[in-house]
Each structure stands twice: as structure tokens, then as C-alpha cells.
Amino acid sequence: MDSYLIHVNGHGNHAPMLDVNLKNTGNILSSGKVKSRKPRWAVRASEMSKKTFNPVRAIVDSMKVEPNPKKAMISLSLGDPTVFGNLPTNDEVTRAVKEVLDSGQYNGYAPAVGYQSCREAVAAYYNCPEAPLKAQDVILTSGCSQAIELALAVLANPGQNILVPRPGFSLYKTLALSMGIEVKLYNLLPEKAWEIDLEHLESLVDEKTACLIMNNPSNPCGSVFSKSHLQEILAVASRQCLPILADEIYGDMVFADCKYEPIATLSTNVPILSCGGLAKRWLVPGWRMGWILIHDRRDIFGKEIRDGLVRLSQRILGPCTLVQGALERILNQTPPEFYHNTLSILKSNADLCYAALAAIPGLRPVRPAGAMYLMVEIEMEHFPEFENDVEFTERLISEQSVFCLPATCFEYPNFFRVVITVPEEMILEACGRIQEFCEMHYQGAEGAQDLECDK
Ligand SMILES: Cc1ncc(COP(=O)(O)O)c(C=O)c1O
């Protein structure tokens with residue numbers, strides 16, 4: 001820390017005075033001209049900490065959440081698939097970590113970017129002719145969150161801007177603003193299964209745009225982009241020379257009637273940092289294992305971005321070594337039935353939830369195709385009692401003890417998000433209570449019948 005600048009003004013007949021400069025005074029506050037240095041404590045939170053803001057926490061914490069004491073609380077709000085115990089990870093996954101722990105071989109520091117053998121395992125797992133990967137194209141991180149943080153930090157400077165989906169996962173904005181990076185929100189279109197409004201997206205690009213963040217499959221929408229839509233996104237990125245930060249943490253988590261395409265497999269020229277991890281598909285979010293896959297067929301990122309990522313990863317050494325040690329086995333030996341089973345539970349819950357909510361006057365769910373979520377529009381004109389989605393979901397808690405996240409948390413008012421990882425009977429109970437709530441508060445205006453028809 002810099003030290004005090006102390007000028008001694010000792011001329012003429014005047015007694016010497018200390019001029020204590022206020023800059024860089026650390027934890028001691030002192031004023032301009034003082035006779036003597038009188039330190040006192042003043043520990044201030046940094047500017048960065050003040051610019052760090054999690055909208056979900058802010059909105060949820062401000063909600064008056066007193067559930068109805070007569071009804072057990074059902075929380076459909078947390079994107080953590082482990083909370084109800086109905087979706088355990090596979091035995092092979094846990095066994096792999098147990099054996100690594102017992103071996104005593106993974107107690108030391110790993111390289112900042114992860115063990116070479118683990119990087120090789122991830123590269124081999126995701127390698128394909130359309131998007132080849134080698135160990136040096138993989139950086140292991142502490143969860144997908146750190147992958148996103150590193151990717152953002154290497155692509156954007158303070159004062160630049162990034163393009164972020166609306167509705168979208170709030171972490172992008174939280175990280176960007178704390179780094180002094182501006183966020184421009186591009187629209188997703190519910191009527192087109194949450195495809196990107198490409199015209200809107202392209203209209204936001206300017207000379208300060210550093211990258212495009214896209215998230216597929218999506219939190220909060222549960223949508224999955226088609227191959228042709230991904231190609232359209234790539235065309236915009238290519239035309240505008242924009243690198244892509246692809247958040248693919250829900251990669252491969254799509255329902256049977258739908259195909260997941262990693263965006264890098266469709267790109268011949270756009271450089272892409274794909275962020276992923278174990279959290280969702282392997283159902284172990286607490287293990288904090290994530291990765292960045294560097295796709296750079298035309299050598300546009302080159303050494304510049306690769307070296308930048310390595311330097312940034314050295315600020316904090318990568319993920320837990322025990323999980324690194326188990327990674328190769330987790331990727332290659334988890335039985336395929338495990339993934340199928342998870343997806344069939346999610347699909348069945350999604351169908352049940354969609355059907356139940358679509359039958360409720362005043363609500364319009366959008367059918368999901370993957371991930372673990374479903375978005376529901378509230379026809380606010382039929383619920384004049386409530387100002388917005390926050391008030392609607394607040395009252396749903398106090399009357400029915402059902403907690404859904406208001407989509408204001410994702411910059412998308414008048415919707416709420418439902419998590420579909422909860423046990424089937426809870427989904428059904430929750431939907432029943434949501435129905436009771438809506439029937440209680442629904443106001444059928446003159447036009448209500450017309451609105452019903454186009455459901
Ligand atoms: C879209 C999206 N990206 C990233 C993450 C963060 O993943 P991790 O828990 O691996 O940091 C989440 C977690 O919910 C998510 O929904």
C-alpha cells in the first residue's frame with residue numbers, strides 16, 4: 001500500500017505543520033491541514049465490491065416472504081438439482097472421487113489451468129471433427145461461473161460492452177458490471193421458442209462491443225436452439241467480427257425430441273470460448289468443476305487470448321484436485337442410462353408442469369425443450385391486484401407457500417420461472433396451488449375470452 005505524503009511546511013516564524021494528503025490513506029482517515037497526524041479507523045469497501053450486485057439476491061431478499069403457515073413450503077426457485085434428493089448423481093461419479101481421495105495422490109497443488117491429464121480427458125470427451133480439441137484448448141476452472149469470469153476478463157476491457165440475453169442468467173451482468181464492462185441486453189422471443197431477435201442483437205453492436213454471450217440450452221427459458229438458428233447467430237458474429245462466449249453448462253441436457261448442437265461444431269471462422277462443467281449434467285454443482293474450451297479454427301484468438309487465459313487462471317489455482325483426479329473416470333465411465341434417466345425425469349416433469357399451467361386462466365407457460373426450467377407468462381391485465389411479477393410471486397408465497405422466481409431477476413418482467421427438478425408429486429401439488437391462487441385473483445375482463453382462445 002502507498003504511504004502518506006507528508007509535507008513539512010516549516011518556513012518563517014510559523015511552527016512546522018503537517019500537510020497530510022488524503023490520497024491512499026488506507027484504513028486511516030485524516031483531514032487536510034492538521035497539527036499532528038491523528039489516525040482513526042475507516043475501513044471502506046472497495047469500489048469493485050460496491051459495483052458487484054446480484055439482482056436475484058436483491059429482489060428475493062426484498063420480497064416479503066412469509067409463507068402460509070397452514071401449507072408446507074414448496075420452493076420451485078433454486079437451480080440446484082440436489083436439494084430434494086430425487087436426483088442423486090451416479091454411483092460411479094461418487095466412487096471415482098472416493099478412490100482419488102483414498103489414493104492420497106491428489107493432495108497437492110495442480111497447475112493453475114488444471115492437470116494435463118485432466119485437460120486431455122476433457123479435450124478427448126468433447127473433441128469432434130467439426131470442432132477439434134487438444135489438451136491445450138482446455139482450461140479447468142472452479143465451476144462454470146469461474147469459466148465465464150475468466151472468459152469475460154480476457155475478452156473485455158473496462159469501458160467496452162458485451163451483448164447479453166434478456167431474459168438471461170444474471171451472473172453475466174453481475175460479473176461484467178463489477179469489472180467496469182457495460183452490458184447491452186438483446187431480446188429473446190418467447191413466441192419463437194426464445195430464439196434470439198437477431199435484428200435487435202445486431203443493432204446493439206458498436207465499436208466497443210467485445211463479445212456476444214449466448215446461453216444454450218437456456219436458463220431461465222429451458223429453450224434449445226436449432227441448428228439453423230445457431231447458424232444465424234454465427235452469421236451475425238462473423239459479419240460483426242464478434243467472438244462468442246457460449247455458456248453451454250446445460251449442453252446435452254435436451255429432451256428426446258430435440259438435438260443439442262454445440263455452437264463451435266457449426267462454426268468455421270468465429271472464435272468461441274465455450275464454458276461448461278459438471279454441475280448440471282452430472283448433478284454435482286457443489287463440486288465446483290468447470291472448464292473453458294477454446295475453439296479457434298482460424299487462429300483469431302491466437303496466443304494473445306490463450307496466454308491471457310493462462311495468466312488469469314494463475315490468480316487463483318483452478319478447481320479442487322480431488323475432482324480433477326476423478327474427472328477422466330466421471331466423463332468416460334458414467335453409464336449412459338444415468339443421463340437418460342435424468343432427462344426422462346426432467347421431460348416428464350416439464351410435460352406435467354406445462355400441461356397443468358397451460359390450463360390455468362391467466363397464465364401462459366412456454367414449453368421447454370431442455371435444461372431444468374420453464375418460463376410462465378402472467379397475463380397481468382387479468383391480475384389487476386398485482387403491480388408486477390414480483391408482487392404476484394410474493395403473494396403466491398404468502399397465500400399458497402409456493403415459491404417461484406419472478407423473472408424480473410432475469411430482466412424479464414411479467415413472467416416467473418419454475419424449476420422442474422423437484423419430485424413429481426411436488427410439481428403437481430405446486431401446480432394445483434398455483435391454480436387455486438390464480439382462480440382466486442383472476443379478473444375476467446371483456447377481452448379475456450379472446451385471450452383464452454389463442455392459448
Ligand atoms: C446458465 C448458467 N451458467 C452458469 C452457471 C454456473 O454454473 P456453476 O455452478 O458450475 O458455476 C449456472 C448455474 O446455475 C447457469 O444456470
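Helices in this report are DSSP runs of H or I with at least four residues, and strands are E runs of at least two, numbered from the N terminus. The structure described is a predicted model.

**A helix residue at the surface**

Helix α4 covers residues 116-126 and includes Ala124. Exposed means over 50% relative accessible area; Ala124 is therefore counted as exposed, its relative accessibility being 58%. Lys134 lies 10 residues from Ala124 along the chain, and their C-alpha atoms are separated by 7.2 Å.

**The eight-strand sheet**

Eight strands make up an open sheet with mixed pairing, in the order β5-β12-β11-β10-β9-β6-β7-β8. Its edges are β5 (138-142) and β8 (195-196), each of which pairs on one side only. At the β8 edge, the partner is strand β7 (residues 182-189); the two run antiparallel and are joined by two bridges. Within this pair, Leu188 stands opposite Ile196 of β8.

The loop between β7 and β8 contains Ala193. This residue is not a glycine, yet Ala193 has a positive phi of about 50°. Ala193 counts as partly exposed because its relative accessibility is 47%.

Strand β9 (residues 209-215) of the same eight-strand order holds Met214. Since its relative accessibility is 0%, Met214 counts as buried. Met214 and Ala246 are 32 residues apart in sequence, but their C-alpha atoms are 5.1 Å apart in space.

**Backbone features in the loops**

The loop between β9 and α8 (227-240) includes Pro217, and Pro220 is placed in that loop between β9 and α8 as well. Each of these prolines follows a cis peptide bond: one joins Asn216 and Pro217, and the other runs from Asn219 to Pro220.

A further positive phi, of about 60°, occurs at Asp299, which is not a glycine either. Asp299 is located in the loop between β12 (289-295) and α9 (302-313). With a relative accessible area of 57%, Asp299 is exposed.

**The ligand site**

The ligand sits in the largest pocket. There are 14 residues around the ligand, and those that come nearest are Cys144, Ser145, Asp247, Tyr250 and Arg288. Helix α5 (residues 143-155) contributes the largest share of this shell, namely four residues.

Three polar approaches to the ligand are listed below.

| Residue | Protein atom | Ligand atom | Distance |
|---|---|---|---|
| Cys144 | polar backbone atom | oxygen | 2.7 Å |
| Asp247 | polar side-chain atom | nitrogen | 2.5 Å |
| Arg288 | side-chain N or O atom | oxygen | 2.8 Å |

On its own the ligand has 390 Å² of accessible area, of which the protein covers 91%. The contacts in the table involve the backbone in the case of Cys144, whereas Asp247 makes its approach through the side chain, as does Arg288.

**The four-strand sheet**

Strands of a sheet pair through backbone hydrogen bonds, in either a parallel or an antiparallel manner. A second open sheet consists of four strands in the order β13-β14-β17-β16, with antiparallel pairing. The edge strands here are β13 (363-366) and β16 (405-406), each pairing on one side only.

Strand β17 (residues 415-419) pairs with β16 in the antiparallel sense over two bridges. With strand β14 (residues 373-378), β17 pairs in the antiparallel sense over five bridges. Arg417 of β17 has a residue opposite it in each partner: Leu405 and Met375.

How many of the five residues of β17 are buried? Five of the five are, and the strand is thus described as mostly covered. Phe415, Arg417 and Val419 point one way from β17, while Phe416 and Val418 point the other way; all are buried. Arg417 accordingly appears both among the buried residues of β17 and opposite Met375 in the pairing with β14.

How values were computed: Residues are numbered from 1 along each chain as its sequence is written. This is a predicted model: local features need pLDDT of at least 70, side-chain atom pairs count only at pLDDT 80 or more; totals for chains, interfaces and linings use all residues. Side-chain values use heavy atoms; hydrogens and water are left out. Two strands pair if DSSP finds at least two bridges between them. Buried means under 20% relative accessible area, exposed over 50%, partly exposed in between (1.4 Å probe, protein chains only). A residue is near a molecule or strand if one of its heavy atoms lies within 4 Å of it. A polar contact is a pair of N or O atoms within 3.5 Å; within protein, one must be able to donate a hydrogen and the other to accept it, and residues adjacent in sequence count only if both atoms are side-chain atoms. Accessible areas come from the Shrake-Rupley method with a 1.4 Å probe; for residues, only the protein chains shown count as cover. On a 1 Å grid over the protein atoms alone, a cavity is a set of points where a 1.4 Å probe fits but cannot get out, and a pocket is an open set with protein on both sides within 12 Å along at least five of seven lines; lining residues have an atom within 4 Å of a point. A molecule sits in a cavity or pocket if more than half of its atoms lie within 2 Å of its grid points.
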